[in-house]
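Colleague: Could you walk me through this one slowly? I am still learning how to read these.

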Amino acid sequence: MRQDSPEFCATCHKVHLDEPVNHYRWLRGFNEYDNWQASGVSGQGARSFYYPPKSSTCSDCHMPLVDSHDPGNRDGKVHSHRFPAANTAIPSVNHDDEQLRITEQFLQSGFITVDLFAAAPVEAAAGQVEMRRRADTPALASTFAVGEESEQTGPTVIREVGKIAAPIDAPGVCFKPGSTLRIDAVVRTRKIGHFFPAGTVDGFDVWLEFQARDAKGRILAWSGYVEDNGRGPVEKGAHFYRSYQIDGEGNAINKRNAWQTRSVLYVRLIPPGAADTVHFRLPIPADAAGPITLETRLNYRKFTRYYTQFAFAGKAKPGPSGLSFDSRDYTFDSAPVPDLPIVTLAKATARVELGEPHWEPVVRKQDRERWNDWGIGMLLQGDLKGAEYAFRRVTEAEPEYADGWLNVARALIQEGETEAARPFVEKSLALQPSLARGHFFLAMVQKAAGDYDGALAQLNETVRQYPRDRVALNQVGRILFLQRRYADAVAALDKTLDVDPEDLQAHYNLMLCYRGLGQADKADREQKLFLRFKADESSQALTAKPRLLSPEDNNERQPIHDHISGERLPLPKAPAVRPVDTGRVSPALPAGGAHAAPVGGGQ
């Protein structure tokens, strides 16, 4: 498997549960392979926002070359079999200090960064209209996120952007005492070839912490603090990166009991080479002392506190449980429970003076990537007008950057404004004629206009450069179907299944093609496969219970939401002294730091 190491890794890192195990149906579990394969990191995906200088595989990151005198060495090097990644739990409880050090070093290597980027006043939006659209594409039955390997989209929001001050650290930015602001932080994946986080994301604690203090040290807002003096659970209103799965009675899947999963409340993961935009409310008292210090930290704990307690000391009380649910309460006092380390992966700090604000964006070439990342985060949330606004600033900051124009088009196409997107796609291709993703999105504009021949020509150029991009292959098959060239469409869609035999869209279109060819037996087979992999929409009814019981979880379920701390959550007292360590988190956030510094350096 030396030539196909990602496929070798996929045998354990692309998983599903099926009826013999869960007594329910086929259900995708975690899946590192597909989002790697469809991304720019693999060199096989045509539509990524960012591409690294060279493609890489699993072993490039997780089996780095180390010095060795082993007989199997090559030029004094072997691939490390420590597999550095994110498991801080095992070395911690086994007191393996060296493995823990290497794991923390890997986690703090700069593969992900945080930026405090924008601020906006929270004002009564009298007369403003906000329009929401539900997704209309079939969804995969999955407990994991779906990235560039599919055209699956979520709900979208059309709204006016309003007043903006960005970047926050630009000269002249001020906050007005007595006002309430919305602060936007951006989490950006950099040197990572799969979703962040990855693996069994129903069992982790990964969250973005935010704190604001005035010059006297008074805490004005704090989202994502850890209860029990830094040892307990993360407060429920935090911004989490995880898969929140529920069982047949609406209880959280929190004991690694994945076989009981029947629905998903929400999944929030960040694709490789992409970003997430996070919104925090900041009330500034009229008597606040400036400047205001803002700080955000991306924190990681291998397992939630609940699961750690369950694993070491959990004892079930009498109560209802079955194959599809567990409604029992548990006690955790039967044995000692260790405190797993909390590691800060990245942090950002900004200081803003108090005064009369001027709500104007500051567009500079040096901030082009920050504007772009902010826009990507909003686009992936379905905030289409916010994304378009950000990407237009990108074109102003660096007009020669082809992806700035293309990203404006992406937002417009997702909104359904395909003709409005056309000049932006054409501008990007004029700047970079070989841009494969430019040809792909031009094809989407032409397809919407009914120019199928033109769309096929553009898609063929995309596929020529990226022959394993399954979305481009699916689009070729779809257009051929619309032209009633059913046999040609089948040939194109079979190429998609060569990449992923479980591709939902390919099976759907093959079902239609075989019906057009009059091959009923093959059409029936494709229909069965389509229904096998398609999500059970009715299972969303199970989310009613957790949504009603927890306003915090219901808030987190919304693609676009604000985190409100100081207005309705009791703020804990910050300890007077912060322990000095290697980046692990205490309940308090320190002052100082750069605007977007990964802990330990890195890109």
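**Strands and rings**

Modeller: This is a predicted model, and a good place to begin is strand 9, which is joined to strand 15 (residues 275–283) by 9 bridges, the two running antiparallel.

Colleague: Okay, and what stands opposite Val-186 there?

Modeller: Opposite Val-186 is Thr-277 in strand 15.

Colleague: Which way does strand 5 pair with strand 9, parallel or antiparallel?

Modeller: Strand 5 (residues 112–121) pairs with strand 9 in the antiparallel sense, over 9 bridges, and Ala-119 has Ile-183 of strand 9 as its bridge partner.

Colleague: Why is strand 9 called largely enclosed?

Modeller: Strand 9 covers residues 180–189, and 9 of these 10 residues are buried, so the rest of the structure largely encloses it.

Colleague: New topic: how many aromatic pairs are there?

Modeller: The count comes to 23 aromatic pairs. In one of them, the rings of Tyr-51 and Tyr-466 have centres 6.3 Å apart and planes at 45°, so this pair is tilted.

Colleague: Where do Tyr-51 and Tyr-466 sit along the chain?

Modeller: Tyr-51 is in the loop between helix 3 and helix 4 (58–62), while Tyr-466 is in the loop between helix 14 (452–465) and helix 15, so the pair links distant parts of the chain, 415 residues apart.

Colleague: And is Tyr-466 buried or exposed?

Modeller: Tyr-466 is buried, with a relative accessible area of 16%, whereas Tyr-51, at 26%, counts as partly exposed.

Colleague: Last thing, which ring does the charged end of Arg-410 sit over?

Modeller: That is the ring of Phe-49, with the charged end of Arg-410 lying 4.3 Å from the ring's centre.

Definitions and conventions
Residues numbered from 1 in each chain as written. Predicted model: local features only at pLDDT ≥ 70, side-chain atom pairs only at ≥ 80, totals over all residues. Heavy atoms only, no water. Buried < 20%, exposed > 50% of the residue type's maximum accessible area, 1.4 Å probe, protein only. Helix = DSSP H or I, 4+ residues; strand = E, 2+ residues; numbered from the N terminus. Pairing = 2+ DSSP bridges. Phe/Tyr/Trp six-rings, centres within 6.5 Å; stacked < 30°, edge-to-face > 60°. Lys NZ or Arg CZ within 6 Å of the ring centre and 35° of its normal.
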